[in-house]
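Here are my notes on this model, set out as numbered points. Please read them with the structure open beside you.

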Amino acid sequence: MAVKEIDGSKLEGGGQVIRLSVALSCLLEQPIQIIKIRAGRSNPGLKPQHIAGIYLVKEMCKGVTRGDQQNSCVLSFEPQSLSMGNFNLNVDSRTAASISLMIQSVLPVAIFSNCSSTITMKGGTDVRFAPPMDYVINVLFPLYHKLFGISCDIHINKRGFYPRGGGDVKFTVNPLNYNGYLKPIEMIDSGSSFESTIRGIIFITEKDTAPVVGQPRLRGSHSKFPPTPSFEFAYDIGVLIKKKLRQFSYNDVKIEINVEKSNVFHGSVVLVAESEKCFIGSSIIYDERKSLTDIVMNVCDKFLMDLMAKSCVDENTMDNLIIFMALANGKSKVKCREITLHTKTAIHIAEQLTNAKFQIKQTEDRLNEIVCEGIGFKRHII
Ligand SMILES: Nc1ncnc2c1ncn2[C@@H]1O[C@H](COP(=O)(O)OP(=O)(O)OP(=O)(O)O)[C@@H](O)[C@H]1O
């Protein structure tokens, strides 16, 4: 098959082009060459996170690569057929490379294998400009499962943060049921039941010293909780989130706090609202430079905008859905408030490498509806 050239500088011009192109190349057995890799970034070329993702996909299809080195701006990826049988893979980025973004490369491939895959990944679990692990676990995976029929799971052995990394997770993926196809999805009606199911997941590390000096402390008794400064800080975040959401009549909000020992101060907050067919998430990763009010404002503002607009997914989830919509067996429809450059880039790559066609139309309720006729990709078992 002739090699298809992908211009890595188009639209977002970042790492997503590589992850999606390599995954689709592997599934469709289409050799590709990506040029101008991450030309839209101040530090172009491949970085450890991209190299780790390429490595995993390459292992799954016994691919042949050229240019898969640090800072390389051209990558050739020539796949063989998707190997079958249990995958048991390991990748160690030796940096804080985002594990959730490695998952973005490997998940679309692993679901089409005929057996379960187990992949151990080392790197960053919660790093900026990538989905925090709690977002992957509480927003993306439940949505993938409920709507596309994807079954996967993650076990976090240890969290890892910028700049040292050191996170360690075990990721398992099961083959698709539904006759080996991905189900098409329809997420066009958020319904009215979001408010009853809002959850917040606050993760925070605990150092020996107080986490943040000079931050406003909330009044009120925390005495029934373990008296750790980190826990108190997380507790304060939770109280402020509830207060903020209550102002918009979202009264039933359940907050969970998880504390882990670490020698760096780090945390994430994830909010999730689930209705019968829609998921809205919002997340932030913070360190000691972020104030309590900044954290709360950041995570709540976009969340509230999506809820009030009756969007069916948030913008970060949206770009993750594109590859699955392109591969699904039939027509998918998703209503979304915001179409980001990441989403447009994912559509551009999916259309270049598959025969799927996407349409975006504005709806009367001022949302965007993305419609895609999926190609009905199915694994071929020899
Ligand atoms: N706070 C967040 N919550 C959930 N997802 C996020 C968040 N921030 C970023 N993402 C997702 O992370 C991905 C980032 O893609 P991007 O191409 O920018 O990544 P990258 O490989 O780090 O590339 P680069 O270094 O070139 O920016 C996108 O899918 C985006 O939706």
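**Notes on helix 7 and its surroundings**

1. Helix 7 lies across strand 14 and strand 16, and its direction makes an angle of about 170 degrees with that of strand 14. Please keep in mind throughout that this is a predicted model.

2. The two strands beneath this description are themselves partners: strand 14 (residues 331–336) and strand 16 (residues 368–373) pair in the antiparallel sense, over six bridges. One of the pairings to look up is that of Lys-331, whose bridge partner in strand 16 is Glu-373.

3. Strand 14 and strand 16 belong to an open sheet of four strands, in which the order is 9-14-16-15 and the pairing is mixed. Strand 9 and strand 15 (357–362) are the edge strands of this sheet, each of them pairing on one side only.

4. How do helix 7 and helix 8 run relative to each other? The axes of helix 7 (residues 315–327) and helix 8 (residues 341–353) come within 8 Å and cross at roughly 15 degrees. Angles under 35 degrees count as roughly parallel, and helix 7 and helix 8 are therefore roughly parallel to each other. The crossing in which helix 7 passes helix 8 is right-handed.

5. For anyone wishing to inspect this contact residue by residue, helix 7 brings Met-318, Asp-319, Ile-322, Ile-323 and Ala-326, while helix 8 brings His-342, Thr-343, Ala-346, Ile-347 and Ala-350. By class, the residues of the contact of helix 7 with helix 8 comprise seven nonpolar, two polar and one charged.

6. On the scale of the whole chain, the domain assignment gives domain 1 as 4–187 + 313–373 and domain 2 as 194–309. The centres of domain 1 and domain 2, taken over C-alpha atoms, are separated by 28 Å, and the contact takes 21 residues from domain 1 and 20 residues from domain 2.

7. Which elements give two or more residues to the side of domain 1 that touches domain 2? They are helix 4 (133–148), strand 9 (186–187) and helix 7, so named here because helices and strands are numbered from the N terminus. Helix 4 gives the most to this side of domain 1, with six residues. The residues on the side of domain 1 that touches domain 2 fall into eleven nonpolar, three polar and seven charged.

8. To draw the points together, helix 7 meets helix 8 through the residues listed above, lies across strand 14 and strand 16, and is also among the elements on the side of domain 1 that touches domain 2.

Conventions
Residues numbered from 1 in each chain as written. Predicted model: local features only at pLDDT ≥ 70, side-chain atom pairs only at ≥ 80, totals over all residues. Axes fitted to C-alpha atoms, helices over the stretch in contact; angles between N-to-C directions. Parallel < 35°, antiparallel > 145°, perpendicular 65-115°, else oblique. Left-handed = near helix turned anticlockwise from the far one by under 90°. Contact = placed C-beta atoms within 7 Å. Nonpolar A, V, L, I, M, F, W, Y, C, P; charged D, E, K, R; others polar. Domains from an automatic or database assignment. Pairing = 2+ DSSP bridges.
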